[in-house]
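Colleague: I am a first-year student, and I would like a close look at a single part of this model, explained slowly and with each term made clear. Please choose the part yourself and set it in its wider context.

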Amino acid sequence: MLCFFLIGVQTDPWILMKINKTSSTIGFFTVAVPMFITQAYSYIIPKILPVETTIANFLPAIAQAESVLSFPTIAFFLSELRILNSDFGKLAMSSSVVSGLFSFLLTTLAVLSHQSIGDNFKMLATISTGVLVAVVIVFAVRPAVLWMIKKNPPGEILKESHIIALLVGVLVTGFCCQATGLHIYYGPLILGITIPAGPPLGSALMEKLEFSTSWILMPIFFVKNGMMIDIFDIKFGNFMIVLSLALLGALGKFIGAFITSLLSGMPLMDAITLSLVLIAQGLMELGLFKMSKYNKAEDKETFTIMCISMLIITGILSPLVKQLYDPSRRYAAYGRRSVMQSKWEPELRVLVCLHDHHDVPTAIDLLEALHPIKRCPLAIYLLHQIELVGRATPLFISHKLSKRPSSIAGPSEQVINAFRCYEESRNGIVSVHPFTAMSPGVTMHDDICFLALDKRTSLAIIPFYKLVRSDGTIDSYRNAGKIMNKNVINQAPCSVAILVNRGFLKTPRLSLPSWSLYRVAILFLGGDDDREALAIAERMCGHSKIRLTLIRLVSGNYMNENAERRADNESLSEFRHCMEGNYRVMYIEEVVMDGSGTIAVIRSMENSYDLVLVGKNHDPESPLVSGLKDWNEQPELGEIGDILISADFMGNTTILVVQQQPSKVEKQGNEKCKNLLEECLVGDDKIPF
């Protein structure tokens, strides 16, 4: 009962609004094809093979049970595989809703067709009772639940008494359903669906009940069902007939989903994966098997074989889907984008990801430092991410900015309004495109990578998963952010910059006139990531209020000239040539012997800068980082980034750790592009190079 209640809590009824022609077609044929194949098989097989009369009578009911499909099972399966909010995962969700509704219709018609007139009246009375229970829950219980939510102070934990009242409601609705002839699971499921998904109530219920239900009660439930199964009481002939029927049902689902997916234009591998996902069976199917056994539509032997068939099918599916579907494949198929490549483009596209409003001032300051002007505008794709808790359906919302700031005090509205003010202050040279994504922590990176790919951004700025105070101590920790940081770094189709906000009490400086001097430093040790950080710093140099210091660390030990060092020297020479005559740019070269010398240089930067840029990865054989890797506690930031965030002498300095995704940087451009670049870098005050 608790499990079905939680399934209802996580189910978003508004997913019905997202059903389109493609999902309707896939959902319909995923049930229709196996239903036709299995029913035909259950009719033909007794005529050509010696089948026991008892088993032959059960075959139509078995065929029906093996052909239906449930939405909660598919949602749980996708969530466990961490592909809930992938493209075909969302399609699987909406398709499974259609399949579930169609399955319910077919099951009801089948039951009515095999009963007498008197039984049909009983069936109709039961259905009427079910409708009445649903109406009472929706129009009596739901308003009470909404009243509890309204009375709870915003941002506060839900009162314990409210949780207890809902648990009592679960038991009462289950008892009422059982007493009126309905199934005991029906009331809790409907009650769960009527509760608003997500925070504050849905997430609180999941937090209170998920562990005890999933890790204590459910294992006991499965053990209890396992004790009912006697594999030694199975006859081999009956086993093969029922197993073949179950496998035919799975094959029919695969064929129905696969063909319609291909005809809808889905790529081959995604169509195969979607078809396999829609075969999955779980708790809902086990409940259906038990109901059939309770209603004497199958006997104990048949129930045992169907449970074994479910174990075999689902046991094969999970590793197969994991092997076939690689979420990063769709990103790797495209050319990687970087800020170095965007030099020759008239617009810089940046994806900014935020979890809460604490990082907004620092993010806006960083974007302003990129120096957008009329001939080099800045396109900001803002993604406010919220971890999905207490609901099964992920959300991805595209907001349309209105000209009037919103007065709504919700979490997304606060973030969006701050960026709206920044956009308005820049008079058309900055465009903001806001989005909100609600997804599980393990798949939050998918929204980032998809948006970066779709909008062709050159840089994705993501917040560090730890909140760092000005003295280097850790204030709080976001586990979902840690997973997201790691996956974005590995899979993003563009360069990634991790923004570490040291100290929280900051106010964004929204426009050029209001800016005081902004001191920026870049630590250059060499490598692709440092060259990408240098490209970002190069864009900042045209800003009249930015004073930039380039600190290059050079090893005192002799190192052979290689392609990497030649690329570093070439980038630095180009940078120094471009910045010639710009008095706001300073170049410093420090000679160090080992990692301790590098730390000494970093310590000399104490409280001297507002922003420090550094590349993530460096040559592990370089003397500049020797011994530092052994002390690296934050692999997402690299050796130097880890030192910068943990140092107690950096104060409120913002740290930006940059990684350039592997790509072949095309050295293209003509005189027109070069002139455009110079105008972007020089800025409005026309400082000569």
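Modeller: What follows begins with the whole chain, then turns to one strand and its partners, and ends with some other places for context.

This is a predicted model, in which local features need pLDDT of at least 70 and side-chain atom pairs count only at pLDDT 80 or more, whereas totals for chains, interfaces and linings use all residues. Residues are numbered from 1 along each chain as its sequence is written, and side-chain values use heavy atoms, with hydrogens and water left out.

The protein has 23 helices and 13 strands, where helices (H or I, at least four residues) and strands (E, at least two) are DSSP runs numbered from the N terminus. Of its 689 residues, 53% are buried, and here buried means under 20% relative accessible area, exposed means over 50%, and partly exposed lies in between, with a 1.4 Å probe and protein chains only. Among the contacts with a separation of 6 or more, 83% join residues 24 or more positions apart, a contact being heavy atoms within 4.5 Å. The accessible surface amounts to about 31,600 Å², and carbon and sulfur atoms supply 62% of that surface; such areas come from the Shrake-Rupley method with a 1.4 Å probe, and for residues only the protein chains shown count as cover.

The part I have chosen is strand E1, which covers residues 348–354. Because 6 of its 7 residues are buried, E1 is largely enclosed by the rest of the structure. Strand E1 runs parallel to strand E2 (residues 378–387), and 7 bridges join the two; two strands are said to pair if DSSP finds at least two bridges between them. One of these links can be followed by eye, since Leu-348 has Leu-378 in E2 as its bridge partner. Between these strands the chain passes through helix H15 (residues 360–369), and this β-α-β crossover is right-handed, which means that, with the strands pointing away from the viewer, the path from the first strand over the helix to the second runs clockwise. As you look along a strand, it helps to know that in a regular strand the side chains alternate between the two faces of the sheet.

On the way from H15 to E2 the loop holds His-371, a residue other than glycine with a positive phi, near 60 degrees. Its relative accessible area is 4%, so His-371 is buried.

Strand E1 also has a partner in strand E5 (residues 459–463), to which it runs parallel with 3 bridges; there, Val-350 has Leu-459 as its bridge partner. The loop between H17 and E5 contains Arg-456, which likewise has a positive phi without being glycine, near 55 degrees. Arg-456 is partly exposed, because its relative accessible area is 48%. In helix H17 (residues 444–455) itself you will find Asp-454, also partly exposed, at 44%. Although Asp-454 and Pro-493 are 39 residues apart along the chain, their C-alpha atoms are separated by 10.0 Å.

For context, you can look at strand E9 (residues 518–524), where 6 of 7 residues are buried. Strand E9 pairs in the parallel sense with strand E10 (residues 546–555) over 7 bridges, and Arg-519 stands opposite Arg-547 in E10. Together with helix H19 (residues 528–540), E9 and E10 make a right-handed β-α-β unit. Strand E9 pairs in the parallel sense with strand E12 (residues 611–615) as well, over 4 bridges.

Elsewhere in the chain, UniProt, in an unreviewed entry, places the feature "transmembrane region" at several spans, including residues 239–259, 271–291 and 303–321; its positions use the numbering used here, feature names are shortened, and annotations may be inferred rather than shown by experiment. Over residues 303–321 the model is 100% helix and 0% strand, with end C-alpha atoms 27 Å apart. Helix H10 (residues 236–263) contains Asn-238, which counts as buried at 5% relative accessibility. The side chain of Asn-238 makes a polar contact with that of Glu-301, at 3.2 Å; a polar contact is a pair of N or O atoms within 3.5 Å, where within protein one must be able to donate a hydrogen and the other to accept it, and residues adjacent in sequence count only if both atoms are side-chain atoms.
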